[in-house]
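Trainee: I would like to learn how to read ligand contacts and helix packing in a model. Where should we start?

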Amino acid sequence: MDWNRCYKDKETPWDKGAPAPPLVHWDGGGEMRGEILVPGCGYGFDAAEIAGRNPGSRITGADISPLALEGATRRHSLPNLEFVLKDIFRPDPELDGRFDWVFEHTCFCAIDPDRRDDYVGAVARLLKLGGNLVAIFYLNPYGDGHQPGGGPPHGTDEGELDRRFSGKFELLESWVPDVAYPGREGLELMRFYRLMV
Ligand SMILES: C[S@@+](CC[C@H](N)C(=O)[O-])C[C@H]1O[C@@H](n2cnc3c(N)ncnc32)[C@H](O)[C@@H]1O
């Protein structure tokens with residue numbers, strides 16, 4: 001999947017020009033402290049939302065696409081927010097083990113299902129021991145214009161999430177958010193995990 005090309009061709013249907021409503025309305029958002037990573041941050045709206053709410057924390061938005069990062073840097077300027085070019089699958093001594101929190105939104109579901117165990121391993125590697133993962137999983141992205149196998153996001157379900165994350169992460173909470181981007185109502189699952197030591 002050539003993500004940079006999507007940004008170049010302006011084929012970015014996931015970008016809503018605003019942070020994810022379940023993040024904005026999540027009561028626990030203010031609890032995120034320390035070093036926070038947003039992998040697959042795209043244009044950075046979620047990362048900027050977290051940075052604005054947590055001025056004492058340091059937020060890193062990471063993406064594999066230089067054009068996404070260029071757009072993120074143009075859109076957001078906050079003293080505690082930086083954007084870095086990073087393929088989360090590649091080990092990185094600068095970032096591995098650095099983060100207290102990872103916030104993920106439509107990154108897992110954008111990853112080819114064959115690589116999702118690697119994705120779980122990458123998040124575990126990037127977090128400090130005992131660190132937290134908060135995720136908004138887009139369970140069912142399928143509609144008239146997008147059917148299974150038609151490209152990312154690929155969708156997921158509770159069974160897959162349980163299977164892939166168990167053993168490495170302890171599930172602390174799981175809920176269907178009652179707010180969403182228009183059209184995503186009831187199609188997302190929010191989960192709060194802790195990396196097991
Ligand atoms: C569906 S988009 C979601 C973007 C953003 N989270 C949002 O909701 O607007 C998935 C993002 O993950 C990024 N991505 C895909 N594979 C990646 C990887 N291996 N490492 C880092 N970012 C990746 C893509 O470039 C893209 O920006």
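Mentor: Start with a definition: a polar contact is a pair of N or O atoms within 3.5 Å. Keep in mind that this is a predicted model.

Trainee: How far from an oxygen atom of the ligand does the polar side-chain atom of Tyr-7 lie?

Mentor: The distance is 2.6 Å. Tyr-7 is also among the residues that come nearest to the ligand, together with Gly-40, Asp-63, His-105 and Thr-106, out of 17 around the ligand.

Trainee: Which backbone atoms pair with a nitrogen atom of the ligand?

Mentor: A polar backbone atom of Ile-64 is 3.3 Å from a ligand nitrogen. For Lys-86, a backbone N or O atom lies 3.4 Å from a nitrogen atom of the ligand.

Trainee: Now the helices. What describes two packed helices?

Mentor: The angle between their axes and the distance between the axes. Here, helix 5 (residues 116-126) and helix 6 (residues 158-165) have axes that come within 10 Å and cross at roughly 55°. The two helices are therefore oblique to each other, and their crossing is right-handed.

Trainee: Which residues make the contact?

Mentor: Helix 5 contributes Arg-116, Asp-117 and Val-120, while helix 6 contributes Glu-160, Arg-164 and Phe-165.

Trainee: How many residues of each class, nonpolar, polar and charged, does the contact of helix 5 with helix 6 have?

Mentor: There are 4 charged and 2 nonpolar residues, and no polar ones.

Conventions
Residues are numbered from 1 along each chain as its sequence is written. This is a predicted model: local features need pLDDT of at least 70, side-chain atom pairs count only at pLDDT 80 or more; totals for chains, interfaces and linings use all residues. Side-chain values use heavy atoms; hydrogens and water are left out. Axes are lines fitted to C-alpha atoms, for helices over the stretch in contact, and angles run from 0 to 180 degrees between N-to-C directions. Helices (H or I, at least four residues) and strands (E, at least two) are DSSP runs, numbered from the N terminus. Angles under 35 degrees count as roughly parallel, over 145 as roughly antiparallel, 65 to 115 as roughly perpendicular and the rest as oblique. A crossing is left-handed if the near helix is turned anticlockwise from the far one by less than a right angle, and right-handed if clockwise. Contact means heavy atoms within 4.5 Å. Ala, Val, Leu, Ile, Met, Phe, Trp, Tyr, Cys and Pro count as nonpolar, Asp, Glu, Lys and Arg as charged, and the others, Gly among them, as polar. A residue is near a molecule or strand if one of its heavy atoms lies within 4 Å of it. A polar contact is a pair of N or O atoms within 3.5 Å; within protein, one must be able to donate a hydrogen and the other to accept it, and residues adjacent in sequence count only if both atoms are side-chain atoms.
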